[in-house]
Amino acid sequence: MSDAGLTAEDVRSATFNKPPWGKRGYAENSVDDFLQLAVRRLDGQAELSAGDVRQVCFTKPPIGKRGYNEDEVDSFLDALAATIARLDDRA
């Protein structure tokens, strides 16, 4: 991440751990699909506001699957929202 925030490449290469045992986390495909939209936004090819990032809700993975660690995804989304807010302020 640069001083200007996350880049499209940062979002493309983001990885998240599994949540602790006993937790389901976020469904991987739900998070991955949203991050693809974020990549397009950072590349200037889609509309996505900082508010959209702050309000996104992800589905849970199927029973028996653990998905992505919610805390890690939420932290990444905070950085993403801040990046998009800075881009919007410059526009």
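## Close-up views of a four-helix model

**Figure 1. The whole chain, seen as a predicted model.** With 91 residues, a compact globule would have a radius of gyration near 12 Å, and this protein comes in at 13 Å, which agrees. Measure along the principal axes and the C-alpha atoms fill a box of roughly 45 × 20 × 20 Å. The secondary structure is quick to list: four helices and zero strands, running α-α-α-α along the sequence. Take the contacts with a separation of 6 or more, and 83% of them join residues 24 or more positions apart.

**Figure 2. The outside of the protein, with its surface and charges.** The accessible surface is about 5,700 Å², and carbon and sulfur atoms hold 48% of that. As for what's tucked away, 36% of the 91 residues count as buried. The protein carries 12 positive and 16 negative charges, and the mean positions of the two sets lie 6 Å apart.

**Figure 3. The largest nonpolar core.** In soluble globular proteins, nonpolar side chains tend to be buried together. Here, the largest such core counts 22 residues. Which residues have the most contacts inside it? They are Val11, Val31, Leu35, Val53, Val73, Leu77 and Leu80. The elements giving two or more residues to this core are α1 (8-12), α2 (28-42), α3 (50-55) and α4 (70-90). Zoom in on Leu35, and you'll find it touching Val11, Phe16, Phe76, Leu77 and Leu80, leaving aside residues up to four places away in sequence.

**Figure 4. Thr83, a residue of helix α4.** Is Thr83 buried or exposed? Its relative accessible area is just 2%, and buried means under 20%, so Thr83 is buried. Skip the residues up to four places away in sequence, and Thr83 touches Ala4, Gly5, Leu6 and Leu42.

**Figure 5. Leu48, in the loop between α2 and α3.** This leucine sits in a loop, yet Leu48 is buried, with a relative accessible area of 6%. What does Leu48 touch, not counting residues up to four places away in sequence? The list is Phe34, Leu37, Ala38, Arg41, Val53 and Ile84. For a sense of distance, look at Leu48 and Gln36: they are 12 residues apart along the chain, and their C-alpha atoms are separated by 11 Å.

Technical notes:
Residues numbered from 1 in each chain as written. Predicted model: local features only at pLDDT ≥ 70, side-chain atom pairs only at ≥ 80, totals over all residues. Heavy atoms only, no water. Rg over C-alpha atoms; globule rule 2.2 N^0.38 Å. Buried < 20%, exposed > 50% of the residue type's maximum accessible area, 1.4 Å probe, protein only. Contact = heavy atoms within 4.5 Å. Areas by Shrake-Rupley, 256 points an atom, 1.4 Å probe, with all protein chains shown as cover. Lys, Arg positive; Asp, Glu negative; His and termini not counted. Charge placed at Lys NZ, Arg CZ, Asp CG, Glu CD. Core = buried A, V, L, I, M, F, W, Y, C linked by side-chain atoms within 4.5 Å.
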